[in-house]
Structure formats: structure tokens, C-alpha cells
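These are my notebook entries on a structure that I was asked to examine. I looked up one topic at a time and wrote down what I found.

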Protein chains: 2
Amino acid sequence: MKASLVATGSELLRPGFRETNGDWITPRLEGEGFEVACRVVASDSTESIVEALGYARSQAPLVLLTGGIGPTRDDRTRQALALSSGRRLVRDAASEHRVRRWCATHRFPVTSAQLLQAFLPEGGRCIPNRVGSAPGIWLDMGPGALIALPGVPSEMQAMFEQLRPRLRRLSRSPVATRTMRCAGPGESRIDRRIQPLQKAFPEVEITTLAAPGEVTIQLRARGSDGRRQVEGLSTRVAERLGGDLVSARGETLENVVFRLLRARRWRLSVAESCTAGLVAARLTRVPGSSRVFWAGAVCYNDRAKTLMLSVPKSLIARHGAVSRAVALAMARGAMKAYGTELAVAVTGIAGPGGGSSRKPVGTVHWAVAFPGGETSFRRILAGDREKIRSHATCIALDCVRRVLLRRRRFGRPHS
Amino acid sequence: MKASLVATGSELLRPGFRETNGDWITPRLEGEGFEVACRVVASDSTESIVEALGYARSQAPLVLLTGGIGPTRDDRTRQALALSSGRRLVRDAASEHRVRRWCATHRFPVTSAQLLQAFLPEGGRCIPNRVGSAPGIWLDMGPGALIALPGVPSEMQAMFEQLRPRLRRLSRSPVATRTMRCAGPGESRIDRRIQPLQKAFPEVEITTLAAPGEVTIQLRARGSDGRRQVEGLSTRVAERLGGDLVSARGETLENVVFRLLRARRWRLSVAESCTAGLVAARLTRVPGSSRVFWAGAVCYNDRAKTLMLSVPKSLIARHGAVSRAVALAMARGAMKAYGTELAVAVTGIAGPGGGSSRKPVGTVHWAVAFPGGETSFRRILAGDREKIRSHATCIALDCVRRVLLRRRRFGRPHS
């Protein structure tokens, strides 16, 4: 069953605020067999909420709304639920009992504002709030329901957990999912490779998400055959992607590199020019990475390349700092200086300045030195400074991964 | 004028993905005189996008949509814009020219899928994309407009910046804004310091946005007196913040550090343990930073500290790698090894493991060595691994800034 998420609160539309309840709810709703069809953030006027509910109900039979059910002036959700469902608000004994008890416990006066929280649209049921004052609302609507929970995350979360069995009965259909990650080819190329597989698994929805140098593939199916179809398709996708597949189970690139290094007991050093620390920073996102990551030289400046990694000045003068020769010298230099089994080097032009017709902005050389060999390659990356840097970082980690997998496709790694 | 934000992409409705374009757009749209009325995340079927556009258009005259304008199968925004506006799709010469040029530069074949990006709803104008392949779309709709931009943040952001003058003409209600940045104290402390100033400038809305170690303050007022009030308040805020003010004009911390180094013709080297390259990476976001940033040693491992920066083994054994003595030795070592005027060092425990009762997770030591002196301090930072690392990075840059401003408040830099 599909579900729409609505968050109300004018502050959620202002700079610096972020709607996070939906991020928390999404995986849990999926776990109970729902698929989130849309998310809306609406301001807290009654009219806005009614219109948001109208749109949300047109997209899915289950609507889960957060916010606006407390006792203050800008809490307009009850009113909006009544208007949207065409039912009148009636005083609910169970809700009133809970509000009065909450006020007594917390020594709050039982004001008329507090008692507003005891009103529900006719036919609605009270959802007890064990953390705060405002009871939630469950309103059956045909095959689905309208649910209103508080916007305060701790209250919303506790109440959602109570609702899980009821939600499971409502959805009646488990969803199977699988996340796969790959590196190298772009999104459209990945898409073309996996598209022909879809026919044999018509029930599976395939979604791809691209970041510079990486593509995440989500597989998803419902129904009794869903799990089998997702597993079947993921096996075929893995075969198709070959060495471009980083993980068939959603593991990050840095985690995979870490795991492969651990398995071989190899240590890595990095020599970075244009990425200037990003390769080291990304690899060390993995807790415990000091066991495989030895040292990183950020030699952004030409003199630093000579000083830190013994790259001959004459080599830089002859080939330029952004060249195959210098990338290889950096990798060899790091391997020797830090005594590691493996070293990776990156040197490139991130822009916006520094490009030329022979070496345009985006030109990057990588080199890896490893026991008994070395490899290097060049690519011209697109985008602005930050995009080029993060793409170059991803490729650096990915070529370490490929070396560790003993693959040899380095001259043209992404063809 | 009100504005609705629509983000399309089925992956944005999946667990673990987050719609961040709207967070970036909101403050900038506000700066151009718009008020965000609602935000919608829709899946990427044509029907969903059409319905999301219908709702969004009912809420505001300007609709800004991101995502779904690329060349892949799940890019359905063009179609949806045409359906929603009741106009047919026509081939646009300017868009086609840009797509072909992009393919030529990046040696991509000009496929029919790529050429789909050259179609616009009739009457629409192409918005050039200088970072990626997909041109954007501007469609005038009565007093407002329908705008479609790519979902890739770097592309969307670059294109939004181009549109600012056009957006300003559309909103016709000038808003005076000012962005100020400060580093050191937390958000609530900054808030307490500047709150008393509000009374004298009642028209100005003050918003603060916190990141680890930094607070951005937005001042904003509309109407004829807006600019004067914003300027007046910003002067008072700057006085109040003193040395904690990084920039009164929204300049980033790394830019300020770069500028101060350039002005003195000083060169900087960095020695990083727990931040593992993040300080170097952040400073080199600034184009041209190779003129001030000399070298970075990522000595995540203890042995690397000795090898790269001549930190005595015995010192590490006696005090531990996370200690004032080792931080100072790292800074001195970097200064000497790389021959720079200034060196900054960071060593700490980012967690989740590695903490103890004497040195809990989050314990970080910084040291700066400079001509004729050195300074060091310690703090215990809160949060998870990534938060501790980025907070430590910010403090490292900030203490370089304070040294460059000849301030001496290092023992307790943030009191």
C-alpha cells in the first residue's frame, strides 16, 4: 500500500530548518509494507493543511501527518482533518481523560486550549501519547487511513512504534528491497547495462542515484514473489556489472577498500595534489581505519611534491605537475617514504583556473604502486571545482579497490 | 511572492536518501524576496510530477522544480511540465546546441536520449547548464513562473545563481539581507549575545544556522527602510561578536584564512591526525590556495607522526598520541619539515572506539606554531565521528585565523 507523508509547521519552510520526521518514518513504513508515494511540507494555516491533505490523499490511501496537534494557537491539524474528511469534531472521552491526566501529572492548569486536544473528527480513535500531552488521531478512510501524530520527534517516534501492528494489518504486503553500489561508469551507462535485465523481473522497480563517480542502484518489489524476484535480479545485475560492482549489499566504497586491505593485511599510503586530503578523509570515515591507512601526503604545491615524496624537480619541469610521470613518481615516493605495500597518487587541475588547451580543467592523472607493479591512467572530468575533486577522490579509492581485486583494466578503466 | 519547491526522484522517497536541494534553495529564494509556501517530494512517474505540479501551483505563483531533466529513462520532468502547463514539447535550438556541444566535449555519443534534453514546453526558455549536460527550463506562467533545474546539487546551484537577477525582477519586493559568519561559540550563546540588539531594529528578522563550530547569522528586512536597518544591525552585531566574527559579508572561514595568509605572504602547512585531510581539503576549496597552502601531513597512524613529522616515539609513549605535547610536536615538525611560516596540528579521538575515562571520545588537541611563538589548547567535542571530525576541522582553521589576527585567546578560545 502507498503512503503519503505530510509535515506541518511554518518553521519547516524557513532557512536552516529541516523536516526530519519523514526521514525517520520512511524506512519504518517500508518495513511494514508501505511505499512512500510523496512527501509534503506545509505551513500551519488550516487552509494549507487541508490542501496538503487533499494532495496527499490523492497520492496514497494512507496519509501520515506530523505536527500541529498540540494546544497552541498555531496547532490547526484537528480542524484541517475534520474539514478534509468532511466530519465534524467531537469530544472524545478517552482523549479527554488522557489530557486531564497529563495536566494533573505535570501540574498544568486544564485550560480550554489544553482541552482542544480532546477533540477528534467523528469516527476517529485516540492514539495515546506516553511522552507528551497531545494524543494522536487515527481515522479510517476506506481501505486506508488518516493518521495525525505530534511533530516533536520523541513523541512521534514513540507513538509510531505503538502503531506498528495496526499498520502491518493495514498494508498486508511486505516489500523486498536491495541496495547495490557501483563505481566507474556513469548513470546512463549503468542504466543501459541493467535495463535489458528488467524484462525477466517485471515486478522489480529499479531506481538509480548518481554521485560523482558512483551510482547507487535500488531494487524493490512487493507481493509474495517479491523477495525471489529482487534476489534473482540482483544476481543478474551483479554479473552484468562485473568489476564495476562495488557492493551488492549497499556497502560504501571506502568500507569495501578498508575490508579488502584488512583481508590482505596491506597498508595504504596516499599522495594527493588536487584532492588535497579528500582521499584520506574519505577512507578514514571508516572507524578503525588506522589499521590500514598509514599516511597521507597532501602535496598541493609543486615544491611539496619534491620535499615530501622526492619527486624530482626536473620531472615536474619536463612533464608538468599534472602528468602520468609525476603521478607515478608520487605513488612510488609515498610507497617508499611510508613503507606501505600500496600507494595511490592523484594529481590534476580542479579549476577554475590553471587549465590549458592541452590540459583542460578537469584533467586528472592517477597512479597506484603495488607489490610487483604499478599502473596509471588519465581522465578528463566534468563539472566545477568541488565536483572534480570529489569525482577524482572516488576514482582514487576505486582504483585501489580494483588493484586489490587483481583486476588489470587500468588503461581505460571505465570503457 | 510565494514559491513552491518540488523535488522529483523516487530515490528521494526511499530510506536513507534525503532531499537537500530545497534546504539550499530556501534561504536564497528568501534573499530574492520569495517566501516558501510548501515543499513537495514526488516520485518520478510523469503522473506523480504532474500532480505535484498541480498542488504546487495552487500554493504559489512561482514553482521551482528540481530533478528529472536528464537523459535517462526515469527523467520525466519535461513531459510533466508540458502536461501541467498544457503546452506541447518543441525542439529548442539553443538547448540542442548546448547538448551537442556537451557531448562533443565529453566524447559522449549524441544519442536520441541525450537529444531529449533539447525539448522544451512551447514558450519556454533554456537555462544554460555550465556544469553538466541537461539544460534547465524557465516557463513564464501568468504573474509567476515554472522553473525546472537538474537534481544534481552542483548543477542546480550554479544554474540558480545565474537566475538570481531574473528572480529578483519577478518578486519585485526587494529584500535586504546580510549573511554574517562566526566561529567559536555555539548557536545559543551567539543568540543570547545578539538578541538584545533586536529591539533597536524591529523590522529585521534574525535567523541563525549552526554547523559544527560555526554559526551563520542571516539578517533580513523588506520595505524601503530595510537596507538601512540591516546595515545598522549588522554593524552592532559585528561589534558584539568581536574576534568571533569570521566575516560580516558571508565570506567562508577558509576564504578568510586564505585572504589573511595572502596579505601577510605567509605559507601554511597542516599536520592532521583525527581530521585526516579535512583541514587541507577545506582550505583548498579556495581556488588559488596553492599560493598559501604548502603541504599537509596526514599522520593518522602513530608511526606516521614519527616518520613524517619527527615526533619522538618516546613522546607519544609518554603522553599518548592525543596530547598537548604531541600536538605541539606535530606543529613544530610540520613547520620545520615544510619550511612554512605557520603550521597547525590536530590530534584527537573521533570515536566511536578509542576513548577512555581520562580521554573520552571527542577529546581533541590543537597546536599552532608561528614566527616567534606557539600555542595549543584542548577541547572535548560532542557528537558522532563525522561531527567531531568536521568540528575539529573548523576549529583548526579558526585558530589559524585568530593567530593571523594576532589574537591571543588560545588557552580558552571560546569562552
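**Entry 1: a covered strand in chain A.** I began with strand β16 of chain A, residues 363-370, in this predicted model. I asked how many of the residues of β16(A) are buried. I found that 8 of its 8 residues are buried, and I recorded the strand as mostly covered.

I then sorted the residues of β16(A) by the way they point. I listed A:Thr363, A:His365, A:Ala367 and A:Ala369 on one side, and A:Val364, A:Trp366, A:Val368 and A:Phe370 on the other; all are buried. I recalled the general rule that side chains in a regular strand alternate between the two faces of the sheet.

**Entry 2: the partners of that strand.** Next I looked up which strands pair with β16(A). I found that β15(A), residues 342-348, pairs with β16(A) in the antiparallel sense, over 6 bridges. In β16(A), A:Ala369 is the residue opposite A:Ala343.

I also found that β17(A), residues 373-380, runs antiparallel to β16(A) and is joined to it by 8 bridges. Here A:Ala369 has A:Glu374 of β17(A) opposite it. I noted that β16(A) and β17(A) form a hairpin, with 2 residues between the strands. In that turn, A:Gly372 has a positive phi of about 80°.

**Entry 3: where the two chains touch.** I turned to the contact between the chains, to which chain A gives 60 residues and chain B gives 64. Which element supplies the largest share of the chain B side? I found that it is strand β2(B), residues 35-42, with 7 residues. By class, I recorded 34 nonpolar, 19 polar and 11 charged residues on the side of chain B that touches chain A.

I then checked β2(A), residues 35-42, and found that it pairs with β2(B) in the antiparallel sense, over 5 bridges. For A:Cys38, I wrote down B:Ala42 as the bridge partner in β2(B).

**Entry 4: two helices in chain B.** I recalled that two packed helices are described by the angle and the distance between their axes. I applied this to α2(B), residues 46-59, and α3(B), residues 77-85. Their axes come within 9 Å and cross at roughly 50°. I therefore entered α2(B) as oblique to α3(B). I recorded their crossing as right-handed.

I listed the residues that make this contact: B:Thr46, B:Ile49, B:Val50, B:Leu53 and B:Gly54 from α2(B), with B:Thr77, B:Gln79, B:Ala80, B:Leu83 and B:Ser84 from α3(B). By class, I noted 5 nonpolar residues, 5 polar residues and no charged residues in the contact of α2(B) with α3(B).

**Entry 5: a sheet in chain B.** I last looked up an open sheet of 4 strands in chain B, with the order β10-β11-β9-β12 and antiparallel pairing. Why is one side of β10 (205-211) and of β12 (245-247) left without a neighbour in the sheet? I found that both stand at the edges and each has a single partner strand, so one side of each is left open. I noted that the twist averages 30° from one strand to the next.

For β12(B), I found antiparallel pairing with β9(B), residues 175-183, over 2 bridges. B:Ser247 in β12(B) has B:Arg181 opposite it. I found that helix α8(B), residues 226-241, packs on the sheet, touching β9, β11 (214-222) and β12 of chain B. The direction of α8(B) makes about 10° with that of β9(B). Helix α9(B), residues 253-264, also packs on the sheet, touching β9, β11 and β12 of chain B. I recorded about 85° between the directions of α9(B) and β12(B).

Definitions and conventions. Residues are numbered from 1 along each chain as its sequence is written. Chains are lettered from A and ligands numbered from 1 in the order in which they are written. This is a predicted model: local features need pLDDT of at least 70, side-chain atom pairs count only at pLDDT 80 or more; totals for chains, interfaces and linings use all residues. A residue is buried if 20 or more other C-beta atoms lie within 10 Å of its own, exposed if 12 or fewer, and partly exposed in between; C-beta atoms are placed from the backbone. Two strands pair if DSSP finds at least two bridges between them. Two residues are in contact if their C-beta atoms, placed from the backbone, lie within 7 Å. Ala, Val, Leu, Ile, Met, Phe, Trp, Tyr, Cys and Pro count as nonpolar, Asp, Glu, Lys and Arg as charged, and the others, Gly among them, as polar. Axes are lines fitted to C-alpha atoms, for helices over the stretch in contact, and angles run from 0 to 180 degrees between N-to-C directions. Angles under 35 degrees count as roughly parallel, over 145 as roughly antiparallel, 65 to 115 as roughly perpendicular and the rest as oblique. A crossing is left-handed if the near helix is turned anticlockwise from the far one by less than a right angle, and right-handed if clockwise.
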